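Please walk through this structure with an eye to its charged side-chain pairs and then to one of its strands. The text that follows takes these two topics in turn.

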Amino acid sequence: MKPDISVIIPNYNCKAYLGKALASVIKQTDVILEIIVVDDGSTDGSVEWLEKASQTYSNLILVKQIRCGVVAARNKAISIAQADYIAFLDADDYWNEDKLATQLAYMKSNQKCTLSFTNYMHVDEQYNKIIDCFSYWPEFYNKELKDTTKYQYLSNSQDMLLYANVIGTSTVMVKRDAIKSVMCFDNELKSASDWDCWLKLASVGEVAYTYQCAMDYLMRSNSITSNRIKRIDAMRLILKRFVSSNNVGWITQIKAGARLNECYGEYYREMGQKVPALIWALKAFFLYPHKRNLRHLLHDIKSLTA
């Protein structure tokens, strides 16, 4: 029987988290799934664990590859996916049990929708809640909608996603034909290939979202800062490329530029480099003054003068 959804899980040395992630997939209700796990050259016993799991779960497909990176892993899985819809899950994240059925029902009834995503909750390594994603974005957050679980179209999706990338990869469901039509994830990018892919999908169809937190995102202490500067540099390249090939208004370009400056400020702030953090915060605030940028700016001034 053809699956409703192909679930794609790239894995590299995430044995400690695979059980929780896979269990959240198995618990999904009212959908027929194939689960494609692409192991990207793990050395922590992940492969052996997954081989045993595949003996229990007949719909689990294990693909092994020499270390090629997460982009190659996702693209490999897309190339063999059988379902018309694809959902992505990172190996250290996990879903609510009704996540896929609700999302699939919406996308099937709205054929123009090429991409849908949900809100999600940041959790620490003890799985304590920190903050949901949408609450961080004043450009996106709508207090009147925060308690709704319904999906709705994202207005001006390309512009919104250029300066407010609220999409968590593990919340995403896409049409298989649509993501193949935009050439999947760009393997030439050193980072931020997910953002690039969402922008491309927004250019060929509608984007929908829900305020419901249907996924928990694990904030691992060793997984973010080391790669952040590569991601920000890649975002700058993607923005330049996207603006040059699409009709992007100047206001959107200003907001997107301010967001990049904000990202550099966040990076240097985490690295403890107070002067660069303040400089980038100033650039972000004067380019696009809003509450979050003001809060960062005041923090950096106080930190530097303390």
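In this predicted model, D196 and R241 form a salt bridge in which the closest N and O atoms are 3.0 Å apart. The two residues belong to distant parts of the chain, since D196 lies in helix α7 (residues 193-202) and R241 in helix α8 (residues 225-245), with their positions 45 residues apart in the numbering. Their surroundings can be described separately: D196 is buried, because its relative accessible area of 4% falls under the 20% cut-off, whereas R241, with a relative accessible area of 36%, is partly exposed.

A search of the whole structure finds 16 salt bridges, and another of them pairs E262 with R292, whose closest N and O atoms are 2.4 Å apart. Because E262 is placed in helix α9 (residues 250-270) and R292 in helix α11 (residues 291-305), this pair ties together parts of the chain that are 30 residues apart in sequence. Both E262 and R292 are buried.

Helices α9 and α11 are linked again by the side chains of R269 and D300, which meet in a salt bridge with an N to O distance of 2.8 Å. Here R269 belongs to helix α9 and D300 to helix α11, and the two residues are 31 residues apart. D300 counts as buried because its relative accessibility is 3%, which is under the 20% limit. Elsewhere, K2, D84, R176 and D177 are joined into one network by salt bridges that share partners.

From the charged pairs we can turn to strand β4 (residues 85-88), and ask which of its residues are buried on each side. On one side these are Y85 and A87, and on the other I86 and F88, so that both faces of strand β4 are covered. In general, side chains in a regular strand alternate between the two faces of the sheet.

The partners of strand β4 can then be followed one by one. Strand β1 (residues 5-11) runs parallel to β4 and is joined to it by four bridges, with V7 standing opposite A87 of β4. Strand β9 (residues 173-175), by contrast, runs antiparallel to β4, and three bridges join these two strands; in this pairing I86 stands opposite V174 of β9. Strand β4 is therefore paired with both β1 and β9, and the residues named in these two pairings, A87 and I86, are buried on opposite sides of the strand.

Conventions:
Residues numbered from 1 in each chain as written. Predicted model: local features only at pLDDT ≥ 70, side-chain atom pairs only at ≥ 80, totals over all residues. Heavy atoms only, no water. Salt bridge = Lys/Arg side-chain N within 4 Å of Asp/Glu carboxyl O. Buried < 20%, exposed > 50% of the residue type's maximum accessible area, 1.4 Å probe, protein only.
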